[in-house]
Amino acid sequence: MKELELYVHIPFCVQKCAYCDFLSASAEPSKRQDYVDALIREIRGYRQAYAAYHVRTIFVGGGTPSVLTPEQIRAVFCALRESFCVDQEAEVTLEVNPGTGTREKIQAWKEAGINRLSIGLQSVRDTELRMLGRIHTYRQFLEIWDEVRSAGFRNVNVDLISGIPGQTIKSWGQTLETVTNLQPEHLSAYSLMLEKGTPFHEKYGEGKQIPDGEPTLPDEETDRLIYEETERILRAYGYTRYEISNYAKEGYQCRHNVGYWKRKDYLGIGLGASSLIGNRRFCHVSDLREYQKRVKNRRDLCEETTLLSVKDEMEEFMFLGLRMTEGIKKPDFYRAFGRTIEQIYGEVLARMERYGLLEIGDREVRLTDRGRDISNAVFAEFLLE
Ligand code: SF4
């Protein structure tokens, strides 16, 4: 049987955060129930088509999957397990917003076989949380933290955001040290991105004037120091950086995301979800009504399908693989494409090594620390004519 990863999208949030451009919105309970009904119908429709696969990871993301009721979570997982051959040892992750967890829900997550939680904390400072438009305080996070630990969750990620307006190296360091003292098994530390169409972009985008007295975005130098500080503090607390923005204790890398960076087959389920099966990337419709109509009428949910050429696949192999600290393995490249990496990228590899951006061994290629600082520029060098 072939390996498969599943991603399930829950496009609902209590309210929209000021920086977020993900496919999510607030919705009343009846709308959420209609969506869950459609989702379950979609899941059941895959029974035949994916019978040749076994599922090694499930990731329920959003949006805010933790807005679902215990009954809805049970129903979704029941449909998943009845429709797919899910490994007994599968990694099963649920994204959690601390403002939406309850003891009853946490119990239901456990009973549904969820064995990994990813909690979106972002900052331990309530002023920063308010600025981001988050619905929770740090105290609420701590309450959820205690509950999930008491319920027996032993594989938990905490999401943090750096580069928040007004943030200093000191305040970022305080967030990191406070969270690492709780000893989560995994930490994701992303820099704030100003996405078009968000209130943050409206306020802080290029050329905007911030009124006197209001906090501004950290300057480039502070941003660079924040980046260095993250690695220093997390290393001291026993975390290994295994991807540009992800850190884990030994044995707790996120298998689902590693599969994504290694271009394993994954199937996206739900509104706007994207998939990679073989050399086909496809993406579902992102309009809720259209999605529900198509599910009801058993019509194709795809809005966009791309058949990747060998050249596209080679480029993806490089961009995604180099995100990981271990880099890419030369024999894997040969196995995937029947050509050595030097035959395709010999000149680029030599040049990037000369600039001190890549480290090249007999069997692997990885970014140096400097290469990681300007990773997007390095990735661009791997585009083929
Ligand atoms: S909770 Fe997450 S998905 Fe929802 S609006 Fe905030 S950042 Fe976006």
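Start at the ligand: the shell around it has 4 nonpolar, 6 polar and 1 charged residues. Keep in mind as you click around that this is a predicted model.

To see that shell, select Cys13, Lys16, Cys17, Cys20, Phe22, Ser24, Gly62, Gly63, Thr64, Asn97 and Gly120, the residues around the ligand. Lys16 is among them, and so are Cys13, Cys17 and Cys20.

Next, zoom out and colour by domain. The domain assignment splits the protein chain into domain 1, residues 2-261, and domain 2, residues 310-380. Taken over C-alpha atoms, the centres of domain 1 and domain 2 are 29 Å apart.

Now go to where the two domains meet. Here 5 residues of domain 1 are in contact with 7 residues of domain 2. On the domain 1 side, pick out strand 7 (residues 240-243), which supplies the largest share, 3 residues. Sort that side of domain 1 by class and you get 3 nonpolar, no polar and 2 charged residues.

Last stop: strand 6 (residues 186-191), where you should select Tyr190. Is Tyr190 buried, exposed or partly exposed? Burial needs 20 or more C-beta neighbours within 10 Å, and exposure 12 or fewer. Tyr190 has 14 inside 10 Å, so Tyr190 counts as partly exposed.

What does Tyr190 touch, leaving out residues up to four places away in sequence? Show Ile161 and Ser245 and you have the answer. To finish, draw a distance from Tyr190 to Trp261: their C-alpha atoms are separated by 17 Å, and the two sit 71 residues apart along the chain.

Note on methods. Residues numbered from 1 in each chain as written. Predicted model: local features only at pLDDT ≥ 70, side-chain atom pairs only at ≥ 80, totals over all residues. Domains from an automatic or database assignment. Helix = DSSP H or I, 4+ residues; strand = E, 2+ residues; numbered from the N terminus. Nonpolar A, V, L, I, M, F, W, Y, C, P; charged D, E, K, R; others polar. Near = placed C-beta within 6 Å.
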